[in-house]
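This briefing covers two topics, a pocket and a helix pair. Please consult the sequence and structure shown here alongside the text.

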Amino acid sequence: RWPSLLKYYSHTDGVSWLEEYKARHNAGLEAQRIVASFSKRFFSEHVPCDGFSDIETLGCPSHFFEDELMCILNMEGRKGLTWKYYAKKILYFLRQQNILKNLKEYLQRPTDQQSFLEGAVLIDQYCNPLSDICLKSVQAQVDDITDKVRKVLRTKNARHPSLASKAGEVLIPEVELQRQVLDAMNCVLYEQLKYKGNELDYYNSLNSYIHQVLIRRTGIPISLSVLYLTIARQLGVKLEPVNFPSHFLLRWCQGKEGSTDIFDYTYIDAFGKGKQLTVKECEYLIGHHVTEEFYGVVTSKEVLQRMVGNLLNLGKRESTDQSYQLLRDSLDLYLAMYPDNVQHLMLQARLYFHLGIWPEKVLDILQHIQALDPSQHGAVGYLVQHTLEHIERRKEEVGPEVKHRSDEKHKEVCFSIGLIMKHKRYGYNCVIYGWDPACMMGHEWIRNMNVHSLPHGPHQPFYNVLVEDGSCRYAAQENLEYNSEPREIPHPDIGRYFSEFTGVHYLANTELEIRYPEDLELTRATAQKIYSSGKE
């Protein structure tokens, strides 16, 4: 009945299956109750920080609860979109909380027990909590590559110590034997398996996720270095991470172990097919001279800091993701490692403020910043004032505004909720999830968007639309037309507003229908008229 739960049981366990079934069944009912309640409670705002409080105090096993959420997400067809939307949010939260706990435990271990690969997996899991990523699976793939390296090594030196069953537990002291391992690694990784640095799509976040590096066989310097270093250590060669500016490297000791002389090391560029570099060549790589400190070895925590820093920078660059999910996730990770970093705390507070979410959490962050650095009182005071105003406005809000098409002021509104439209000027496909009888934006927005250049200007209906590129826009009626080939709109918020895609239009969920009570029938009639006549 629930094959995904098999991993939680051992064949030797004495299990009361009736009791397990009851527990799973009850967890399923609890999950369904909570998911159903989320749409009603949080339709008009983002799920607040305390919105998950009843999930944190679950009276049932969390893996049963998660399994029901996965069942909801995997429901076939185009129905249950709202349930899927909130099930995804809840599952995202649950898994991230668990991964964050694992990361904090990892950081508390002695440094010699902090595997670079495990750290990379934890970052990957946190940013992709709905993907099936686990250390065991990633390690198995790395072990498979290691076995391929051993096969190549055996053809070169059948008595090589790395071929012993306990290889990796003991480091190989001879430099020449270490060189043979690295040569075999380069042969397997770059010649046989065709791994390479992703120069064409360098700023793709997939390059930073270790499971994607293994699937796509490409990455950036730091992710490829983690893979390279892990394989080398499993074969008895101690490589160390070097936080070189602009291009992460590894170093390989050619002199006395633990030497502080940077010229006693060869530097390895995993992004550049394992090329071995001198100090001078490292400088040629980035085009300028650097001081000796940049050739030093770094800890696993510092490696994770750089990986998360890369994701932070990508999150700032992303322009289409209006939820800034990557930036939010990478800030969470950074602050889990460095909870008192004022710069990143301020960035987090500004981000939540910009998105208009979690005002109570914004106040907590600002209070923490003020305690850490009183010199920030100007920026903190400004954000505190505007956040308190936001909270007061929210308290004053009275129920949802209901828009009846029969109202005289709405007679010019031609299109209805759920219709698939096309923008005449920009060509994008979208679905309507709200409308106003005239433009409700401020003068600055109207001026910036050049609305007055339209024949009807701001004095025409405007529509809130979810666009296929993941953005939300506000479009003038004269710029929209019926889409002759309606298709699903792949927008992350589609389930927030709609419960089903019929094949030609979307059906508003209960909460949206309350706000536009006369649109559903009109949408059905319009879609039938447009698309049935087209088929004839």
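Helices (H or I, at least four residues) and strands (E, at least two) are DSSP runs, numbered from the N terminus. This is a predicted model, in which local features need pLDDT of at least 70, side-chain atom pairs count only at pLDDT 80 or more, and totals for chains, interfaces and linings use all residues. Residues are numbered from 1 along each chain as its sequence is written, and side-chain values use heavy atoms, without hydrogens and water.

**Pocket**

- The second largest pocket has a volume of about 890 Å³.
- Its lining has 29 residues, and Lys 7, Tyr 8, Glu 66, Arg 95 and Asn 98 are the closest to its centre.
- Helix 2 (53–56), helix 3 (62–73) and helix 4 (81–108) each give two or more residues to this lining, and the largest share, 7 residues, comes from helix 4.
- A pocket here is an open set of points on a 1 Å grid over the protein atoms alone, where a 1.4 Å probe fits, with protein on both sides within 12 Å along at least five of seven lines; lining residues have an atom within 4 Å of a point.
- Grid points are joined across faces, edges and corners, and the volume is the space filled by probe spheres set on the points.

**Helix pair**

- Helix 5 (residues 116–127) and helix 6 (residues 135–156) pack at an angle of about 130 degrees, with their axes 10 Å apart; helix 5 is therefore oblique to helix 6.
- Axes are lines fitted to C-alpha atoms, for helices over the stretch in contact, and angles run from 0 to 180 degrees between N-to-C directions.
- Oblique covers angles that are not under 35 degrees (roughly parallel), over 145 (roughly antiparallel) or 65 to 115 (roughly perpendicular).
- Contact (heavy atoms within 4.5 Å) is made by Leu 117, Glu 118, Val 121 and Gln 125 of helix 5 and by Leu 135, Val 138, Gln 139 and Val 142 of helix 6.
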